[in-house]
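Here are my notes for you on one helix and one ligand. Have a look at the model first, then read on.

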Amino acid sequence: MAIIASNFKTNHTRKSTNDFIENVNNFLLSNDIKEEVYVFPTATSLDYFKTVSNFTLGAQNAYATTNGSFTGEIGTEQLDEFGIKTILIGHSERRHILGESQEEIAKKFSFYSELGYKIIYCIGEPLEVKEQGLEKTLEYVYEQFVGIDTNYENLILAYEPVWAIGTGVTATNTDITSVHSAIKSKIAKPLLYGGSVKVANAHEICALDGVDGALIGTASWKVEDFKQIIENTKDL
Ligand code: PEP
């Protein structure tokens, strides 16, 4: 069964998130879909959604703390208020735009894994590395596992080539399967693909060998598209 996750990034309001969540939940219930579905709204839209019974809400980010003086960040005290026990760590936008180092990422990973959170851990290479070939790509990706306990039981991995994220350029099936099979040979964890997955290609990508599902940004923000992706992959 595929795992399908939506990353809202900096999109949707509290109101539209609420509508989205209700809509997806009703869809999963009325179609008796058992697929593992995750939604990562903005921090301001996290809430205790009584309606969420058939999928999991997670945080796109949080600091490695319970509380304290970390202006602009949230910690587990804020996540606990809404029963959030799932977090994205290592997303390329946090690495490359917000400047999170591997050391900080590993610290965050340790903190949240010690608390038993389900972690979706993202890795992926920028274009200049991809252009140097598979060996360099894998070298780069393996560096992103430094300090990470890859045996952690509540871990899902997401391979997201940076050049494919939000660009409309999806990796080819060969790109995806070669990286996925290499990672899978070292780490026995569910491995999602992310990078311009959309309604038209979700089934084909999720059906590839070594692909256990998709982490989706842009194409998941429209609820009808997100539901269609779930529908298209539900029998895998
Ligand atoms: C992402 O942000 O994780 C992502 C894969 O984005 P997009 O689907 O827009 O490429």
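The points below take the helix first and the ligand second.

1. A quick word on the source: this is a predicted model, where local features need pLDDT of at least 70, side-chain atom pairs count only at pLDDT 80 or more, and totals for chains, interfaces and linings use all residues. Residues are numbered from 1 along each chain as its sequence is written, and side-chain values use heavy atoms, with hydrogens and water left out.

2. Start with helix H1, residues 14-30 (helices are DSSP runs of H or I, at least four residues, and strands are runs of E, at least two, numbered from the N terminus). Its 17 residues should span 24 Å at 1.5 Å a residue, and the end C-alpha atoms are indeed 24 Å apart. The expected span is 1.5 Å times one less than the number of residues.

3. Which residues of H1 are buried? They are Thr-17, Phe-20, Ile-21, Val-24, Asn-25, Phe-27 and Leu-28 (buried means under 20% relative accessible area, exposed over 50%, with a 1.4 Å probe and protein chains only). Looking down the axis of H1, the buried residues fall within an arc of 160°, so they line one face of the helix; the arc uses the directions from the axis to the C-beta atoms.

4. On the face turned away from that buried side, H1 carries the exposed Lys-15 and Ser-30. After H1 comes Asp-32, with a positive phi near 50°.

5. Now the ligand: one of its oxygen atoms is 2.6 Å from a polar backbone atom of Gly-166. For Ser-196, a polar backbone atom is 2.8 Å from a ligand oxygen.

Note on methods. A polar contact is a pair of N or O atoms within 3.5 Å; within protein, one must be able to donate a hydrogen and the other to accept it, and residues adjacent in sequence count only if both atoms are side-chain atoms.
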